[in-house]
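Welcome! Here is a short guided tour for anyone meeting this structure for the first time. Please take a look at the sequence and the model before reading on.

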Amino acid sequence: MRVSGVRRPLVAGNWKMNGLTGSLVELEAIASGIDELGDKFDAVICPPATLIAAAAVSVRNARVIIGAQDCSAEKQGAFTGDVSAAMVADSGARYVIVGHSERRQGRGETSSDVLRKVERGVASGLVVILCIGETEREMGSDSTEAVLRQQLMESVPRGVDPSLITIAYEPVWAIGTGCVPTLARIADVHAFIRRTLCEIFEDGEDVRILYGGSVKPDNVAEISAIEHVDGVLVGGASLKARDFLAISTAFST
Ligand code: PGA
């Protein structure tokens, strides 16, 4: 991590479908804690869509950045209930997560849907956190690299500014389970993703690669020390300021 010096570490929190107006108090605690940790890393919180606008206002003078958890693949129009990338940006978010496994698996999103979302996000000026990851069955059949390669090849747009794309490697079996791959496995997979990004982009070395899946205060130090781990995407542990700040500390020096 931080070897080349080009990739600024990123700690991103995904609140998923959690959080009402009262949760802005937790966000404010996160924001002031992040300010105290210095400016050597970026910190993003992705609350539910309903809180983005209020969250963006409440942290406007702080370093923490607000993101969205998803956006539509469509630009605008008759898509009841969907939220476009332009709307996400307009509501005050600067990042958007796309391709999370809870949408790929749970909502049947394909890599070509994800590609369109990435393009919409970038076109709206958002930094896109593009999630990829293998299922337990795919890992068991030794197809992790093939799956990740296909997801990258099919969902990363060509010709975009690589600084607007961040990859999050999230093994599906590690999300919300308390199970984490061995450090050697994370190192191997991240190195593989780096090589693949260098095939896609001339500046593939500049693309951040986050690890996500059961990141906690007690395992982040060893994960953050792995080469090509440029930050983390945190679910459950991002809901509590204390845990999110403890995780962020690993990237603050
Ligand atoms: P988790 O979720 O940290 O609760 O495992 C990670 C994610 O889904 O991004």
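The sections below look at the ligand, the open and closed spaces, the salt bridges and two backbone angles.

## The ligand and its neighbours

Keep in mind from the start that this is a predicted model. A good place to begin is the ligand, which is surrounded by K16, H100, E170, A174, I175, G176, G213, S214, L233, V234, G235 and G236. Sorted by character, this shell has six polar residues, four nonpolar ones and two charged ones.

Some of these neighbours come very near to oxygen atoms of the ligand. H100 does so with its side chain, where a polar atom sits 2.7 Å from a ligand oxygen. G176 uses its backbone instead: an N or O atom there is 2.7 Å from an oxygen of the ligand. With S214, a polar backbone atom is again involved, at 2.8 Å from a ligand oxygen. How much of the ligand's accessible area does the protein cover? Taken on its own, the ligand has 280 Å² of accessible area, and the protein covers 96% of that.

## The largest pocket

Next, look for the largest pocket, whose volume is about 710 Å³. Its lining is made up of 26 residues, and those nearest the centre are Q69, D70, C71, R103 and R107. Two helices, α4 (101-104) and α5 (111-123), are the elements that give two or more residues to this lining.

What kinds of residue line the largest pocket? Eleven are nonpolar, ten are charged and five are polar.

## A closed cavity

The structure also contains one cavity of 30 Å³ or more. The largest cavity encloses about 50 Å³ of space. Around it you will find G99, H100, S101, R104, Q105, C131, I132, G133, Q151, E170 and V172. Helix α4 and strand β5 (127-132) each provide at least two of the lining residues.

The cavity lining consists of six polar, three nonpolar and two charged residues. Two names may look familiar: H100 and E170 line this cavity, and H100 and E170 are also among the residues around the ligand.

## Salt bridges

Across the whole structure, a search finds 13 salt bridges. One of them joins the side chains of E205 and R7, with an N to O distance of 3.5 Å. Where in the chain do E205 and R7 lie? E205 belongs to the loop between α8 (183-200) and β7 (208-212), while R7 is in the segment before β1 (10-14). The two are 198 residues apart, so this pair links distant parts of the chain.

## Two backbone angles to notice

Most residues other than glycine have a negative phi. Against that background, K16 stands out with a positive phi of about 55°. You can find K16 in the loop between β1 and α1 (24-36).

S214 is another non-glycine residue with a positive phi, in this case near 60°. This residue sits in the loop between β7 and α9 (220-224). Both K16 and S214 appeared earlier in the tour, as residues around the ligand.

Methods. Residues are numbered from 1 along each chain as its sequence is written. This is a predicted model: local features need pLDDT of at least 70, side-chain atom pairs count only at pLDDT 80 or more; totals for chains, interfaces and linings use all residues. Side-chain values use heavy atoms; hydrogens and water are left out. A residue is near a molecule or strand if one of its heavy atoms lies within 4 Å of it. A polar contact is a pair of N or O atoms within 3.5 Å; within protein, one must be able to donate a hydrogen and the other to accept it, and residues adjacent in sequence count only if both atoms are side-chain atoms. Accessible areas come from the Shrake-Rupley method with a 1.4 Å probe; for residues, only the protein chains shown count as cover. Ala, Val, Leu, Ile, Met, Phe, Trp, Tyr, Cys and Pro count as nonpolar, Asp, Glu, Lys and Arg as charged, and the others, Gly among them, as polar. On a 1 Å grid over the protein atoms alone, a cavity is a set of points where a 1.4 Å probe fits but cannot get out, and a pocket is an open set with protein on both sides within 12 Å along at least five of seven lines; lining residues have an atom within 4 Å of a point. Grid points are joined across faces, edges and corners, and a volume is the space filled by probe spheres set on the points. Helices (H or I, at least four residues) and strands (E, at least two) are DSSP runs, numbered from the N terminus. A salt bridge is a side-chain nitrogen of Lys or Arg within 4 Å of a carboxyl oxygen of Asp or Glu.
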